[in-house]
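Here are some exercises to help you find your way around a new structure. Try each task before you read its solution.

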Amino acid sequence: MVYDVEMLKAFYASYATHVNAAREKLGRPMTLSEKILYAHLYDASTIATFRRGEDYVNFRPDRVAMQDATAQMALLQFANAGRTSSAVPATVHCDHLIQAYKGAKIDLPIACETNKEVYDFLRSVASKYGIGFWKPGAGIIHQVVLENYAFPGGMMVGTDSHTPNAGGLGMIAIGVGGADAVDVMTGMEWELKMPKLIGVHLKGKLSGWASPKDVILKLAGILTVKGGTNAIIEYFGEGTESLSATGKATICNMGAEVGATTSVFPYDKEMGKYLCATGRTCVEEWASDNVMHLTADKEVLANPEAYYDRVIEIDLSSLEPYVNGPFTPDAACPISELADRVKEKKFPRKMEVGLIGSCTNSSYQDLKRAASIARQVKEKGLKMQAQLLINPGSEQIYCTAERDGIIADFTAIGGVVMANACGPCIGQWKRVTDDPLRANSIVTSFNRNFAKRADGNPNTHAFIASPEIAVALAVAGDLCFNPLIDTLTNEQGEPVKLDVPSGETLPEDGFTVDDNGYVAPADDGAKVEVFINPQSQRLQKLNPFPAWDGNDLLDMPLLIKTQGKCTTDHISMAGPWLRFRGHLENISDNMLMGAVNAFNGKTNCVWNRLTNAYEAVSAVAKQYKTEGLNSIVVAEENYGEGSSREHAAMEPRFLNVRVILAKSFARIHETNLKKQGMLALTFAHKEDYDKVREHDMISVCGLDTFEPGKNLLVVLKHEDGTQEQIWASHTYNEMQIAWFKAGCALNTFRK
């Protein structure tokens, strides 16, 4: 089925005109990213040579996608916007709240009962406002979007950081917070700093054990977790044409792990094949008619250094599999070096669980190649040495994989098929283990591996690899096993070697599905009632945040000075806290509980100046709020790395944290803070971080002349009576300053 066909038809009818107008105005050849961005300007008359990494630009995305954990807060905000329907096509996908425990047949019914209140709310509010609804079990948002909604040349925002997955079909798809999604759904301008462009030249062709996942695992090691911040990664070169559309999506998906705004591939025959295989032949025809506008201009390809801010070359022909980790996705390691690294770092060598699937690697091709390894266990007389869990990407993928015997290949060796949902990838894993805090190693085909993310155990060493490598290591149960060269001993005592994985990119007999899980909105949303029980512990109506009172923020107690990595998982944990994603007051109890206090090395333990005792972060913040005190958080580099969850910005705002002063911010989180009326400031001199003391009272001065490009004065009042003055930089423009003054961005729309 082709959804939103009229929107698609209108888009392709005008796309070439928009691109040609932009090229004529710029007076030079254009990259693919530029073509798509300029074709989506909110006001086409504003075409100009925007400065990358500096100028804020207003865009008009084509659609919005929301997953259930973030959709709750986004739709609670949208309900306050005064509109009767979404201004653009939008969908809600129920994939985050399903816990992985015993398998899909048991876990899914339990999730539907446990989360009934939330699912009913999302379904009713989606129906009321003209938003498509995908039921629990329908699949993971990004796989479902790729199968049904992504289209070459389009622009989408999604309330999940892995929205860039749609770049596998040549779409500029950007992860945002819920407030940004509300902007788009209300028809307002959506603002984005014009991204820089990182060109990745792919040469050659993959072979053997190497997979598309290894492209981004290698690139993560090159760029690090913040090397792509405020940049689009645009792939080009002959190597792109050899990758399947779903392989391209895998690479784009994990671009979020290097901080990239998004990632995108040029349109080619592989994308066309995927569009046709998923029932969108008309989209393939329209895209093919626009192919010259869905790739970079030939002058760009001939001289990429002149058009991209940075060019990186990767030779697919010589690429070997990578295993990244633990604890950070940019700890890149070729499999040929893994054994030495495991021994040198004294990582737990025994590999206990292999987990495959997730939004990053849950396509038909992924499961088929992984199953080709699984089949060899019985064929070669081997025995599994580790547990194997599988999360298919969608009901369509599951039904097709079941028909083609792929599911049977996994279950035959003891694999457990979980629901078509995120599960362990986002912490929704009820892991059964002898000791929940024991040091251990797991290998996943996921995208993130922060401490405690999968199972809540800070000592779980999570490594990221392709699905086929994850299965191979699960067969061996040994991180030091290299399937490219090593042998295993079978049950007859014979040395055997695993054959190279194989698998078609698309099912030979086409996709099949009994019920894809889609529910269309009501024809007349005015007749749909959305009810929130005032006594609910899962859902809570939102009250607008108060406007700025016009005064400087004086004598704020330091709530916490965080040390080291502080991701959105540290600021607002997932796992059991997901059940409160629609209840701001309740979920605020987890605020910054995972952050490390720089003064004592502990988590969730900060000094309370009101009691002179150490207490939980949220408990201290609540007491300050009760006393009418604002507070401030100080942090290190890349604060807010990871998920797009705006709860990590809304919780501090709700508890009167007015300022985050960091060495640097992750892109999505910085925007989320701004949207909620907070001050996201950076040290003008990073070494000033060391000047902040535990008992400081901190003031931010000069807000009466708050303006773009002008630093703000920060005064540190130390307990010994001395003071220090430091400067804080910011990236606020006029519109964002208006958000701060109004209390939050949504307040400006209400006005």
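**Exercise 1. Start at Val 88 and work out what surrounds Val 88.**

Solution. Keep in mind that you're looking at a predicted model.

Step 1: skip the neighbours within four places in sequence, and Val 88 is in contact with Pro 61, Asp 62, Arg 63, Val 64 and Val 184.

Step 2: place the residue. Val 88 sits in the loop between helix H3 (68-78) and strand S3 (90-93).

Step 3: check the accessibility. Val 88 has a relative accessible area of 13%, and buried means under 20%, so Val 88 is buried.

Step 4: try a distance. Val 88 and Ile 131 are 43 residues apart in sequence, and their C-alpha atoms are 9.1 Å apart in space.

**Exercise 2. Decide whether Lys 9 and Glu 6 form a salt bridge, and say where the two residues sit.**

Solution. Step 1: look at the atoms. The closest N and O atoms of Lys 9 and Glu 6 are 3.9 Å apart. The cut-off is 4 Å, so the pair does form a salt bridge.

Step 2: look at the helix. Both residues belong to helix H1 (residues 5-26), and because they are 3 residues apart there, about one helical turn separates them.

Step 3: look at the surface. Lys 9 is partly exposed at 42% relative accessible area, while Glu 6 is exposed at 54%.

**Exercise 3. Compare two more salt bridges: Arg 51 with Glu 54, and Arg 369 with Glu 468.**

Solution. Step 1: take Arg 51 and Glu 54, whose closest N and O atoms are 3.3 Å apart. Arg 51 is partly exposed, with 48% relative accessibility, and Glu 54 is partly exposed at 48% too.

Step 2: take Arg 369 and Glu 468, whose side chains meet at 2.6 Å, N to O. This pair ties together distant parts of the chain: Arg 369 is in helix H14 (residues 364-379) and Glu 468 is in helix H17 (residues 467-476), 99 residues apart.

Step 3: check whether these partners are buried or exposed. Arg 369 is buried at 12% relative accessible area, and Glu 468 is buried at 1%.

Step 4: look for a network. Glu 352, Arg 431, Asp 434, Arg 438 and Asp 455 are joined into one by salt bridges that share partners.

Step 5: zoom out. The structure holds 37 salt bridges.

**Exercise 4. Describe the largest pocket and the second largest pocket.**

Solution. Step 1: get the volumes. The largest pocket has about 620 Å³, and the second largest has about 380 Å³.

Step 2: find the linings. The largest pocket has 27 lining residues, and Ala 451, Lys 452, Arg 453, Gly 456 and Met 573 are the closest to its centre. For the second largest, 22 residues form the lining, with Ala 39, His 40, Leu 41, Arg 60 and Asp 62 nearest the centre.

Step 3: see which elements contribute. H1 and helix H2 (32-39) each give two or more residues to the lining of the second largest pocket. H1 supplies the largest share, 6 residues.

Step 4: sort the linings by type. The largest pocket has 12 nonpolar, 9 polar and 6 charged residues. The second largest has 15 nonpolar, 5 polar and 2 charged.

**Exercise 5. Find the largest nonpolar core and a residue with many contacts inside it.**

Solution. Step 1: the largest nonpolar core has 139 residues, and Met 66 and Tyr 235 have the most contacts inside it. H1 gives the largest share of this core, 8 residues.

Step 2: follow Tyr 235. Beyond four places in sequence, the residues Tyr 235 touches include Val 200, Leu 202, Ile 251 and Phe 265.

Step 3: note a second, separate core of 50 residues, with Cys 566, Ile 632, Leu 679 and Leu 716 among them.

**Exercise 6. Track down some backbone features: a cis peptide bond and positive phi values at Ser 358 and Asn 656.**

Solution. Step 1: the cis bond joins Gly 325 and Pro 326, with omega about 0°. Pro 326 is in the loop between strand S11 (310-315) and helix H13 (335-345).

Step 2: Ser 358 has phi near 75°. This residue lies in the loop between strand S12 (351-357) and H14, and is buried at 1% relative accessible area.

Step 3: Asn 656 has phi near 70°. Asn 656 is in the loop between helix H21 (647-654) and strand S24 (657-662), and counts as buried at 18%.

Conventions:
Residues numbered from 1 in each chain as written. Predicted model: local features only at pLDDT ≥ 70, side-chain atom pairs only at ≥ 80, totals over all residues. Heavy atoms only, no water. Helix = DSSP H or I, 4+ residues; strand = E, 2+ residues; numbered from the N terminus. Buried < 20%, exposed > 50% of the residue type's maximum accessible area, 1.4 Å probe, protein only. 1 Å grid on protein atoms, 1.4 Å probe; cavity = no way out; pocket = protein on both sides within 12 Å on 5 of 7 lines; lining within 4 Å. Points joined across faces, edges and corners; volume = space filled by probe spheres on them. Nonpolar A, V, L, I, M, F, W, Y, C, P; charged D, E, K, R; others polar. Core = buried A, V, L, I, M, F, W, Y, C linked by side-chain atoms within 4.5 Å. Contact = heavy atoms within 4.5 Å.
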